[in-house]
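Please work through the exercises below with the sequence and the model side by side, trying each task before reading its solution.

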Amino acid sequence: MPVQLGFNKGFYGVKFNHSGLKYEVGVCIETGHIVWINGPFRCGQNDLNISRAALLGALDHDEFAVADSGYKGEPHDIRTPEVGTENEKAMQDIARARHETVNSRLKIFNVLGAQYFRHNVAFHSSCFRAVAVITQLSFE
């Protein structure tokens, strides 16, 4: 049965006072390319719990992720703004800014917009992934 996101309280998120979906998007620190998409998840789920479910297990032993302060408290593999030397923090700020650029490019397509998506979750996932591929191709 299709999930009507506009009316499903199970997908409610306090941040936007509405129901919705959330995705985890990873961007390569070196190239800026989209290298990881995970989701969809209920809007109210915690970012750190989502990353623990898949991203942290997918990282090699010598890899790490750069994230915002919402990931604070993770003992390893995630560099937050509070961790590192001044030079490392500056490079992490650049990586986070690059990721925000990717987020803004994804939002241009309104898949992540505030309007209702009246189809099932699987179709939303397909649409989001298609937008991510188009966004990545625009970078190339």
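**Exercise 1: Placing a tyrosine**

Task: In this predicted model, find where Y71 is located, and decide whether Y71 is buried or exposed.

Solution: Begin with the position in the chain, where Y71 is found in the loop between β5 and β6. Next take the accessibility: the relative accessible area of Y71 is 14%, and because buried means under 20%, Y71 counts as buried. Then look for its partners beyond the neighbours within four places in sequence, which are E24, D47, L48, S51, I78 and T80. One of these partners, L48, is 23 residues away from Y71 in sequence, yet their C-alpha atoms are 5.3 Å apart in space.

**Exercise 2: The overall layout and the cores**

Task: Establish how many helices and strands the chain has, and which residues make up the largest nonpolar core.

Solution: Counting the elements gives four helices and six strands, and reading along the sequence gives the order β-β-β-β-α-α-β-β-α-α. The chain has 140 residues, of which 33% count as buried. Among contacts between residues at least 6 apart in sequence, 44% join residues at least 24 apart. The largest nonpolar core consists of twelve residues, namely F11, L21, Y23, V25, V27, I34, V102, L106, V121, F128, V131 and A132. To this core β3, α3 and α4 each contribute at least two residues. Another core, of eight residues, lies apart from it and has L59, A65, A67 and Y71 among its members, so the tyrosine of the previous exercise, which is buried at 14%, belongs to this second group.

**Exercise 3: The two sides of a helix**

Task: Check the length of helix α3 against what is expected for its 22 residues, and work out which residues of α3 are buried.

Solution: Helix α3 covers residues 86-107, and at 1.5 Å a residue it should span 32 Å, which agrees with the 32 Å between its end C-alpha atoms. The buried residues of α3 are Q92, A95, R96, H99, V102 and L106. Seen down the helix axis, these buried residues fall within an arc of 110 degrees, so they line one face of α3. The spacing is understandable because an α-helix has 3.6 residues a turn, so residues three or four places apart point the same way. On the face turned away from the buried side are the exposed residues E86, N87, I94 and E100. The cover over the buried residues of α3 includes β3 (21-27), β4 (34-42), β5 (65-66), β6 (78-79) and α4 (121-139).

**Exercise 4: Polar partners along the helix**

Task: Identify what the side chain of H99 reaches, and what the side chain of D93 contacts.

Solution: H99, which lies in helix α3, has a side chain that reaches the backbone oxygen of V25 at 2.6 Å. Leaving aside neighbours within four places in sequence, H99 is in contact with V25, G26 and V27. D93 is also found in helix α3, and with a relative accessible area of 44% it is partly exposed. The side chain of D93 makes a polar contact with the side chain of R96 at 2.9 Å.

**Exercise 5: The cysteines**

Task: Determine how many disulfides the whole structure holds, and whether C43 is buried or exposed.

Solution: A search of the whole structure finds zero disulfides. C43, at 15% relative accessibility, counts as buried, whereas C28, at 23%, is partly exposed.

How values were computed: Residues are numbered from 1 along each chain as its sequence is written. This is a predicted model: local features need pLDDT of at least 70, side-chain atom pairs count only at pLDDT 80 or more; totals for chains, interfaces and linings use all residues. Side-chain values use heavy atoms; hydrogens and water are left out. The expected span of a helix is 1.5 Å times one less than its number of residues. Buried means under 20% relative accessible area, exposed over 50%, partly exposed in between (1.4 Å probe, protein chains only). The arc is that of the directions from the helix axis to the C-beta atoms. Contact means heavy atoms within 4.5 Å. A disulfide is a pair of cysteine sulfur atoms within 2.5 Å. A polar contact is a pair of N or O atoms within 3.5 Å; within protein, one must be able to donate a hydrogen and the other to accept it, and residues adjacent in sequence count only if both atoms are side-chain atoms. A nonpolar core is a set of buried Ala, Val, Leu, Ile, Met, Phe, Trp, Tyr and Cys residues joined through side-chain atoms within 4.5 Å.
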